Amino acid sequence: MDDEAFGGRVLASTAGYGEAAEVLAEQYESVTFEEVHREVLHLFPTRPGSVLDIGAGSGRDAAALAARGHRVVAVEPTGELRAVGMRIHAGRGIEWADDALPELSAMGTRTFDLILLTAVWMHLDEGQRVAGMARLAGLLASGGRVVLSLRHGPVPEGRRMFAVTARETVDLARTCGLGLLHLAEREDPHGRPGVSWTYLAFGGA
């Protein structure tokens, strides 16, 4: 499948998503924000703050967080998914951005109280993960948290994913000044055979 063009480059990390945008959006929206993030909900800010949702997909999480009073930037590099999200969550006060890790150049020097990466990190190769973690640390406000999930199991046809472990991710975060706050493992919320997830939360060390 063709990779997604972004800023004159080709993003292999988004391969397989554009042509399936409508189906994927329906899948994403079929489970609630609360169910997907049940392991880490207690780590999300309770007071209104700034949130960066990287790889926002259909905007399910961005919409839920905006409804809780947060100022949400939803980053989604796949144009087709971004268009679907902007349509189904119109009027929610979400700021959408065409951007991607590891650079996230459109974010400039902004900082965020919560940075959320749901099913994103394992799409990045080793070099992108190293650069991306440093960028996340730079985007995190004082007292803020990074929450990410890692998918384990068979890779869907046409997608690019890497076998990224929790240990590697924790060690990499530490080199960027981010300490582990929480680690949890769970089954796939969609019930896919052989698929499981690790949830990790980091804060300034």
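The following dialogue examines the terms applied to a predicted model.

Trainee: What makes up the protein in terms of helices and strands?
Mentor: The protein holds 6 helices and 9 strands. Of its 205 residues, 52% count as buried. Among contacts with a separation of 6 or more, 68% are accounted for by residues 24 or more positions apart.

Trainee: Which strands form the open sheet, and in what order?
Mentor: The open sheet has 7 strands in the order 5-4-3-6-7-9-8, with mixed pairing. From one strand to the next, the twist averages 15°.

Trainee: Why are strand 5 and strand 8 called edge strands?
Mentor: Strand 5 (95–97) and strand 8 each pair on one side only. Pairing requires at least two bridges between two strands.

Trainee: How do you know that strand 9 pairs with strand 7 and with strand 8?
Mentor: The cut-off is at least two bridges. Strand 7 (residues 140–152) is joined to strand 9 by 8 bridges, and strand 8 (residues 178–187) is joined to strand 9 by 9 bridges. Both counts satisfy the cut-off, so both are pairings. Strands 7 and 9 run antiparallel, as do strands 8 and 9.

Trainee: Which residues stand opposite each other across these pairings?
Mentor: Leu148 stands opposite Leu200 in strand 9. The bridge partner of His182 in strand 9 is Ala201, and Arg186 stands opposite Trp197 in strand 9. Strand 9 (residues 196–204) is itself mostly covered, with 7 of its 9 residues buried.

Trainee: Why is Leu148 called buried?
Mentor: The relative accessible area of Leu148 is 1%. Buried means under 20%, so Leu148 is classed as buried. Leu148 lies in strand 7. Leaving aside residues up to four places away in sequence, Leu148 touches Leu117, Trp121, Thr169, Thr198, Tyr199, Leu200 and Phe202. Leu148 and Val40 are 108 residues apart in sequence, and their C-alpha atoms are 9.5 Å apart in space.

Trainee: What makes helix 5 and helix 6 oblique to each other?
Mentor: Helix 5 (residues 126–139) and helix 6 (residues 166–175) pack at an angle of about 45°, with their axes 9 Å apart. Angles under 35 degrees count as roughly parallel, and those from 65 to 115 as roughly perpendicular. The angle of about 45° falls in neither range and is not over 145, so the two helices are oblique. Helix 5 passes helix 6 in a right-handed crossing. Arg129, Val130 and Met133 of helix 5 make the contact with Glu168, Thr169, Leu172 and Ala173 of helix 6. These residues divide into 4 nonpolar, 1 polar and 2 charged.

Trainee: Why is helix 3 described as largely enclosed?
Mentor: In helix 3, 7 of the 8 residues are buried, so the helix is largely enclosed by the rest of the structure. The buried residues of helix 3 are Arg60, Asp61, Ala62, Ala63, Ala64, Leu65 and Ala66. Just after helix 3, Gly69 takes a positive phi of about 95°.

Trainee: How would the direction of helix 3 relative to strand 4 be classed?
Mentor: Helix 3 (residues 60–67) lies across strand 3 (50–54), strand 4 (71–75) and strand 6 (112–117). Helix 3 runs at about 175° to strand 4. An angle over 145 degrees counts as roughly antiparallel, so helix 3 is roughly antiparallel to strand 4.

Terms used:
Residues numbered from 1 in each chain as written. Predicted model: local features only at pLDDT ≥ 70, side-chain atom pairs only at ≥ 80, totals over all residues. Heavy atoms only, no water. Buried < 20%, exposed > 50% of the residue type's maximum accessible area, 1.4 Å probe, protein only. Helix = DSSP H or I, 4+ residues; strand = E, 2+ residues; numbered from the N terminus. Contact = heavy atoms within 4.5 Å. Axes fitted to C-alpha atoms, helices over the stretch in contact; angles between N-to-C directions. Left-handed = near helix turned anticlockwise from the far one by under 90°. Nonpolar A, V, L, I, M, F, W, Y, C, P; charged D, E, K, R; others polar.
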